[in-house]
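Please look over the sequence and the model shown here before reading on. The report is meant for a reader who has not met this structure before.

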Amino acid sequence: MRVPRLAVNALGVGLALAGWQIAGSGLGDALVATPVQVAEALVDTIRDGSLWPALWSMGWQMMAGYLAAMAVGVPLGVAMGRSDVVLSVVKPWAQMFIVVSAAAIVPLFIILMGRGVLFCTSIVFVATVWYVVATMTEAARGVPPKLLNVARSFAASDFQRFRYVILPALHPFVLIAARIGLVHALRAMITAEMFISAGFGGLLNNAGLDLSTAPLFGLIVILMALSVGATSLLRWTAHRSAPWYASRTNG
């Protein structure tokens, strides 16, 4: 008998919550707050009025940097995948920046740009763009040659091969790059805000100073829900806009 996927997911969540409750009851809320205590702290956080302005500030600044990273990263990655010259020039820089964490460059960006909007969006951009570039480079290099050969056999021009063969083949990977980039953008934004004690990162900093871990866990739950919700929305968009997307990504 096949068990529904949703039921398996619900069972896994239930077991995790039960284990969390048992661990929290034994260790105390100073170390691990129980789910019940976290839920109560979450309600208090929502009621005190500081959560929504922090989420709004984090959201629009992160989206500005994220969209800029997508606008630059997608065409640059495609160019790297289709041109050996561009690949040779840009790849060393991509390899260097992709291994540098956002936390390592935050102090430098604070010195150069201060603590305002430009700082946050720049951190998100730098921490995101290279993952988008790397994803699109591999996607562009992996376009099946037989598809291009078929287009050539019909005397298709370079532009026609790009428009009617390469772009449709890349579409699923643009959406994969968007999902990967969104996760890194969110991480970079939180890191930047924690350094300057502003927005949602500032709330996390303040919650970390509390004697109970319940407020901290509550904010982490909100962050996880935002990340899961956003990536699920992108996956749904991908399935709606590209019917072949599910087969490329196993759903």
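What follows describes the chain as a whole and then its aromatic pairs.

## Overall make-up

The structure is a predicted model, and its chain has 11 helices and zero strands. Read from one end of the sequence to the other, the pattern is accordingly α-α-α-α-α-α-α-α-α-α-α. Along its principal axes, the C-alpha trace of the chain spans about 70 × 60 × 25 Å.

Among contacts between residues at least 6 apart in sequence, 72% join residues that are at least 24 apart.

## Surface, burial and charge

The chain has 251 residues, of which 37% count as buried. Its accessible surface comes to about 14300 Å², and 69% of that surface belongs to carbon and sulfur atoms.

The chain carries 16 positive and 9 negative charges, and the mean positions of these two sets are 21 Å apart.

## The tilted pair

A pair of aromatic rings is described by the distance of the centres and the angle of the planes. In this model, the count comes to two aromatic pairs. One of them is formed by Trp-20 and Phe-217, whose rings lie 5.6 Å centre to centre with 55° between the planes, an arrangement that counts as tilted. This pair links distant parts of the chain, since Trp-20 belongs to helix H1 (residues 5–27) and Phe-217 to helix H10 (residues 214–241), with the two positions 197 residues apart in sequence numbering.

As for exposure, Trp-20 has a relative accessibility of 22% and therefore counts as partly exposed. Phe-217, at 24% relative accessibility, likewise counts as partly exposed.

## The stacked pair

Why does the pair of Phe-97 and Trp-130 count as stacked? The ring centres of Phe-97 and Trp-130 are 5.6 Å apart and their planes meet at 10°, so the pair is stacked; the cut-off for this class is an angle under 30 degrees. Phe-97 lies in helix H4 (residues 84–98) and Trp-130 in helix H6 (residues 117–141), so the pair ties together parts of the chain that are 33 residues apart in sequence.

Are the two partners, taken one at a time, buried or partly exposed? Phe-97 has a relative accessibility of 36% and so counts as partly exposed. Trp-130, by contrast, counts as buried because its relative accessibility is 15%, and buried means under 20%.

Notes: Residues are numbered from 1 along each chain as its sequence is written. This is a predicted model: local features need pLDDT of at least 70, side-chain atom pairs count only at pLDDT 80 or more; totals for chains, interfaces and linings use all residues. Side-chain values use heavy atoms; hydrogens and water are left out. Rings of Phe, Tyr and Trp (its six-membered ring) pair if their centres lie within 6.5 Å; planes under 30 degrees apart count as stacked, over 60 as edge-to-face and the rest as tilted. Helices (H or I, at least four residues) and strands (E, at least two) are DSSP runs, numbered from the N terminus. Buried means under 20% relative accessible area, exposed over 50%, partly exposed in between (1.4 Å probe, protein chains only). Contact means heavy atoms within 4.5 Å. Accessible areas come from the Shrake-Rupley method with a 1.4 Å probe; for residues, only the protein chains shown count as cover. Lys and Arg count as positive and Asp and Glu as negative; His and the chain ends are not counted. The place of a charge is taken as NZ of Lys, CZ of Arg, CG of Asp or CD of Glu.
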